[in-house]
Amino acid sequence: MRSEPLPVAFANTLSADKGVLVEGLKTPADLEAWLWRHRGLLPEPGLPPGDEALRVSGQQLRHARALRDSARRLIAARVDRKAPDPWDVAHVNRASGMCQSWPVLVWSDARTPGTELFCTADAVTHSLGLIARALVLLLAGEQGALLRSCRAPGCVWFFYRHHPRRAWCSNGCGNRARVARHQARHHGDHGQ
């Protein structure tokens, strides 16, 4: 199955189970694991190379959740064609500005010169800033028109409608929606 764009995957770290919201970023370790799993979607290197340890603080976890919640509200506003809360716009813009980086020349001997990315923030803050930057570009770009809310019963996820026939975030949600429609018709027929 095709993965969602980075900001959508991040927004979907909040899910629902039997009508109850489920936090996907409960602990700093949850955020560390999520960032490692999605590092290939970052538009530039945000995490340390290789298996270098990534440590998320409690404050960074709170920042990530606040950013995720703003992302969810902004995506919902884009999907529903409603004006966003200015606080959410400002919060995402601030987070986007936290990932200042630029290439620096690395050349210490007669070998060919190279570059490294120099960043003003730690790896976690930089990665969250890259997520915010990707969200800004997604919402403001033409692809933002292809964002959708899953309409399956009990689902709170968003998805990118990369195919015209796609109507749900996953096959599981599509199956639940079809079962719910069937049950509604079935119960409606017997209730008459």
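At what angle do helix 4 and helix 5 pack, and how far apart are their axes?

1. Helix 4 (residues 86–97) packs on helix 5 (residues 123–140) at about 125°, with the axes 7 Å apart, which means that helix 4 is oblique to helix 5 (neither under 35 degrees, nor over 145, nor 65 to 115). The model is predicted, with local features needing pLDDT of at least 70 and side-chain atom pairs pLDDT 80 or more, while totals for chains, interfaces and linings use all residues. Residues are numbered from 1 along each chain as its sequence is written, and side-chain values use heavy atoms, leaving out hydrogens and water.

2. In this pairing V92, N93, A95 and S96 of helix 4 meet G129, A132, R133, L135 and V136 of helix 5 (heavy atoms within 4.5 Å), and by class the contact holds five nonpolar, three polar and one charged residues.

3. The axes of helix 3 (residues 58–80) and helix 5 come within 11 Å and cross at roughly 5°, and the two helices are therefore roughly parallel to each other. The contact between helix 3 and helix 5 divides into ten nonpolar, three polar and one charged residues.

4. The largest nonpolar core (buried residues, under 20% relative accessible area with a 1.4 Å probe, joined through side-chain atoms within 4.5 Å) has 34 residues, of which F10, W34, I75, I131 and L147 touch the most other members. Helix 5 gives the largest share of this core, eight residues.

5. Leaving aside neighbours within four places in sequence, L147 is in contact with V8, I75, R78, V79, L138, L139, F159 and Y160.

Key: Axes fitted to C-alpha atoms, helices over the stretch in contact; angles between N-to-C directions. Helix = DSSP H or I, 4+ residues; strand = E, 2+ residues; numbered from the N terminus. Nonpolar A, V, L, I, M, F, W, Y, C, P; charged D, E, K, R; others polar. Buried < 20%, exposed > 50% of the residue type's maximum accessible area, 1.4 Å probe, protein only.
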